[in-house]
Amino acid sequence: METLTLAGTLDSLGAIAKYVMEAAQSAGLDKKACYKLRLAVDEIATNIITHGYEEAGLEGKINLSSDLKASSLTICLEDTGSRYDPYEMVTVEAEELNKRLEERRMGGLGVYLAIQGVDQYFYERVGEKNRNIFVVNLKIADS
């Protein structure tokens with residue numbers, strides 16, 4: 001699929017979701033895998049917009065690209081917001097998930113869901129750009 005460039009605003013989340021779903025369907029992912037990939041990308045895109053742009057007082061774009069290979073689908077989000085490494089954020093530990101809702105601390109669940117929702121997730125800072133990469137392995141049909 002072609003690269004999609006959008007404003008780094010919450011209004012772009014619908015177009016981001018549509019792009020991801022089209023890429024997932026082109027790859028032949030089942031509904032569950034499509035949903036998990038969409039959720040993962042949505043959570044990180046929301047963090048980019050909220051923390052990387054809005055809270056930092058910056059404006060910018062988000063570039064989406066996809067790469068479909070025989071064994072995997074890769075979605076890449078690239079932005080020029082402030083550095084935002086999801087691995088440095090507070091993430092939810094498994095024991096936290098077992099607590100009652102009112103006993104859990106706020107934050108980190110979205111990043112946890114994003115990382116757990118795909119087969120591989122990478123973050124890297126390249127120059128002035130953040131790059132978030134989501135990889136879903138494709139099931140190879142038995143022959």
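## Starting in a loop

Where is the place of S12? In this predicted model, S12 is found in the loop that runs between β1 (4–7) and α1 (13–26). The residue is buried, because its relative accessible area is 6% and buried means under 20%. If you set aside residues up to four places away in sequence, S12 touches L6 and A7.

## The chain as a whole

Let's step back to the overall layout. The protein chain holds 4 helices and 5 strands. Reading from the N terminus, the order of elements is β-α-α-β-β-α-α-β-β.

The protein chain has 143 residues, and 39% of them count as buried. About 8500 Å² of the protein chain is exposed, with 50% of that area supplied by carbon and sulfur atoms. If you look at contacts between residues at least 6 apart in sequence, 62% of them join residues at least 24 apart.

## Strands that pair with β5

Two strand pairings involve β5 (129–137). Strand β3, made of residues 72–79, pairs with β5 in the antiparallel sense, and 8 bridges connect the two. One bridge to look for puts E78 opposite its partner R131 in β5.

Strand β4, residues 120–126, also runs antiparallel to β5, and 7 bridges join this pair. Here V126 has K129 of β5 as its bridge partner. The strands β4 and β5 form a hairpin with 2 residues between them. In that turn, G127 has a positive phi of about 65°.

## K129 in β5

K129 is worth a visit in the viewer, and its strand is β5. Is K129 buried or partly exposed? K129 counts as partly exposed, since its relative accessibility is 36%, which lies between the 20% and 50% limits.

Leaving aside neighbours within four places in sequence, the contacts of K129 are E78, D79, T80 and E124. K129 is also separated from S82 by 47 residues in sequence, while their C-alpha atoms are 8.4 Å apart in space.

## Two glycines: G52 and G60

Here are two glycines to find in the structure. G52 sits in helix α2, which spans 31–54. G52 counts as buried because its relative accessibility is 1%, and the limit for buried is under 20%. Outside its neighbours within four places in sequence, G52 is in contact with N47, L58, G81 and S82. The C-alpha atoms of G52 and D85 are separated by 9.9 Å, with their positions 33 residues apart along the chain.

G60 is placed in the loop between α2 and β2. Why does G60 count as partly exposed? Its relative accessible area is 23%, so G60 falls in the range between 20% and 50%. Beyond its neighbours within four places in sequence, G60 contacts L6, A7, G8, Y53 and T80. One of these, A7, is 53 residues from G60 along the chain, and the two C-alpha atoms are separated by 6.2 Å. A7 is also touched by S12, as is L6.

## S66 in β2

Next comes S66, a residue of strand β2 (residues 61–68). S66 is buried, because its relative accessible area is 16% and buried means under 20%.

Which residues is S66 in contact with, leaving aside its neighbours within four places in sequence? They are M1, Y19, A23, L73, T74 and I75. Of these, L73, T74 and I75 fall within the 72–79 range of strand β3, and Y19 and A23 fall within the 13–26 range of α1.

## The largest pocket

Finally, let's look at the open space. Rolling a probe the size of a water molecule over the atoms shows where empty space is left. The largest pocket of this model has a volume of about 310 Å³. It is lined by 15 residues, and D30, A33, V136, N137 and K139 are the closest to its centre.

Which elements each supply at least two residues of the lining of the largest pocket? They are α2 and β5. Helix α2 gives the most to this lining, with 3 residues. Sorted by class, the lining of the largest pocket has 6 nonpolar, 4 polar and 5 charged residues.

Methods: Residues numbered from 1 in each chain as written. Predicted model: local features only at pLDDT ≥ 70, side-chain atom pairs only at ≥ 80, totals over all residues. Heavy atoms only, no water. 1 Å grid on protein atoms, 1.4 Å probe; cavity = no way out; pocket = protein on both sides within 12 Å on 5 of 7 lines; lining within 4 Å. Points joined across faces, edges and corners; volume = space filled by probe spheres on them. Nonpolar A, V, L, I, M, F, W, Y, C, P; charged D, E, K, R; others polar. Buried < 20%, exposed > 50% of the residue type's maximum accessible area, 1.4 Å probe, protein only. Contact = heavy atoms within 4.5 Å. Areas by Shrake-Rupley, 256 points an atom, 1.4 Å probe, with all protein chains shown as cover. Pairing = 2+ DSSP bridges.
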